[in-house]
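Trainee: Could you take me through one part of this model in detail? I would like to start from the overall fold and end up at a single strand and its surroundings.

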Amino acid sequence: MPTTPSQAIIRGLPDRPDITEINIRSGPGTGYALLFKAPVGLSAAILDALPDDAGNGFQGKVYQWLKLRLPDGSEGWARDDLLDLAPGDHTACGYPVLGVRTFAFSLVRDTSKRPTPPVEPAAPLWIPAQPAGSVAPAGPAEPVEPTTAPGEPPPTAEVPAGGCVGVVIGGRESINVRSGPSTRYGIVTTVPRGTRLEILDLRPDETGGPLRWVQVPLPERQGWVREDLLSFQGADCATAGLLPAADLYPAPLALPNYWWVRGYEGALPAHNGWDLGAQIGEPVLAGPHGGRVIIAFNASNATPEKPNVRDHGLKVGDPRVFSDPGWGFGYGHYIVVRYTHDLLPAHTRSALAAAGLPGAAIFVMYAHLRDRAVAQGAVLSPGQIIGTCGNSGNSEAPHVHLEIRASTNVNETSWARLSRGLLDPGILFKR
Ligand SMILES: [Zn+2]
């Protein structure tokens with residue numbers, strides 16, 4: 001039987017009339033992202049209640065946070081010292097039955113109680129992260145049943161033949177969705193990493209920035225996300241101009257277990273590859289058609305206990321590191337895999353020809369590894385684990401530096417001699 005959720009009223013700080021709105025966050029603590037601000041005086045339905053995530057409080061009383069749904073349908077968490085409770089029955093969220101509007105912080109909440117959020121028979125905000133290889137179905141979705149068991153995997157669907165889905169890879173935990181295609185527009189919500197978003201539209205940055213923005217569906221309005229914060233999946237992404245081709249190699253770390261840190265900015269001293277952040281130990285995968293290990297380099301200074309230059313009292317970027325084989329010339333432990341021309345996507349082959357390297361092989365370095373799982377000379381099977389993400393060498397956070405160099409000399413084994421063939425990894429890889 002559906003129940004009417006009890007109501008809270010945005011109280012603000014009565015002794016600070018200059019404060020006319022309060023922060024609404026993505027979770028029960030000030031460590032969560034600010035989603036939007038809500039005006040003082042507004043009433044909102046209480047969907048959930050939890051104690052402060054960090055145990056913070058005032059004068060020995062731990063703050064309680066209430067998840068609110070505002071009249072416009074937006075949802076988020078507010079702290080109880082900024083709220084009143086409306087008259088009514090609040091027992092579902094652990095408060096008493098109130099005859100008059102009451103300051104929420106002055107009440108003691110039974111923290112064992114949490115209301116059952118009302119379920120709207122509407123399409124979901126977005127399809128939560130799903131196992132690799134499945135994406136949200138296009139078109140109207142079935143309403144998602146409330147899950148009583150947290151952590152239970154959401155329903156999955158087969159990959160559609162067409163369509164274009166963006167998997168959130170930007171941000172360690174979440175990214176901002178804005179009301180228009182530039183950072184000039186306000187943030188309407190945040191979306192966690194791994195979320196699959198249907199792509200509705202693509203537009204240039206309105207302030208002239210180099211990166212484009214894609215439109216994604218939200219319940220009340222559409223939102224906009226910068227293109228480099230998503231990994232695009234689906235045949236229609238290439239048609240839409242979001243990918244140069246649908247047949248590019250996938251990123252060497254499995255979705256959604258990596259996050260986008262930094263792209264290609266040119267030859268050194270700019271950044272000459274891609275940085276993909278991941279947890280230490282995340283498997284690094286060979287390309288989808290196999291390849292051959294040309295170099296498996298052990299950086300002798302990078303010990304398991306002290307893998308990077310900072311562990312040895314050096315600054316990241318210290319020029320001595322780049323000439324020191326003990327640091328792998330900055331790359332730490334690394335693997336170089338050769339993908340011969342016949343193993344490359346058609347798009348990559350024509351791009352190589354256009355770059356004056358017809359028929360070239362591509363040599364890919366996977367750097368800053370913790371472990372190397374393959375030996376020099378090994379012939380790889382498709383998608384084989386070649387090592388794990390680490391923080392070795394000239395590195396200050398766990399990540400994989402992906403760098404590619406092309407050469408028409410298929411027998412080249414010197415990384416330095418390959419430097420003339422340096423290319424943006426986007427010629428071969430999807431983000
Ligand atoms: Zn890098």
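**A close look at strand E29**

Mentor: Happy to. The chain has two helices and 30 strands, where helices (H or I, at least four residues) and strands (E, at least two) are DSSP runs numbered from the N terminus. This is a predicted model, in which local features need pLDDT of at least 70 and side-chain atom pairs count only at pLDDT 80 or more, while totals for chains, interfaces and linings use all residues. Residues are numbered from 1 along each chain as its sequence is written.

Of the 431 residues in the chain, 39% are buried. A residue is buried if 20 or more other C-beta atoms lie within 10 Å of its own, exposed if 12 or fewer, and partly exposed in between, with C-beta atoms placed from the backbone.

Now to strand E29, residues 399-407: eight of its nine residues are buried, so the rest of the structure largely encloses this strand. Let us go through its partners; two strands pair if DSSP finds at least two bridges between them. Strand E22 (residues 274-278) runs antiparallel to E29 and is joined to it by four bridges, with Leu-276 opposite Val-400. E26 pairs with E29 over seven bridges, also in the antiparallel sense, and here Ala-367 has His-401 as its bridge partner. Strand E30 (residues 422-423) contributes two antiparallel bridges to E29, and Leu-423 in E30 stands opposite Ile-404.

E26 also leads us to the nonpolar core, meaning a set of buried Ala, Val, Leu, Ile, Met, Phe, Trp, Tyr and Cys residues joined through C-beta atoms within 7 Å. The largest such core has 74 residues, and those touching the most other members are Val-225, Val-337, Ile-362, Val-364 and Tyr-366. Strand E26 (residues 361-372) gives the most to this core, namely eight residues. Domain 2 (165-239) and domain 3 (261-427) both supply residues to this core, so it lies between them; the domain bounds come from an automatic or database domain assignment.

Take Ile-362 as an example. Leaving aside residues up to four places away in sequence, Ile-362 touches Tyr-339, Leu-344, Ile-404, Ala-406 and Leu-428, where contact means that the C-beta atoms, placed from the backbone, lie within 7 Å. Apart from this core lies another, of 22 residues, among them Ile-10, Ile-24, Leu-68 and Leu-85.

Finally, a word on the chain's contacts as a whole: among those between residues at least 6 apart in sequence, 64% join residues at least 24 apart.

Methods
Contact = placed C-beta atoms within 7 Å.
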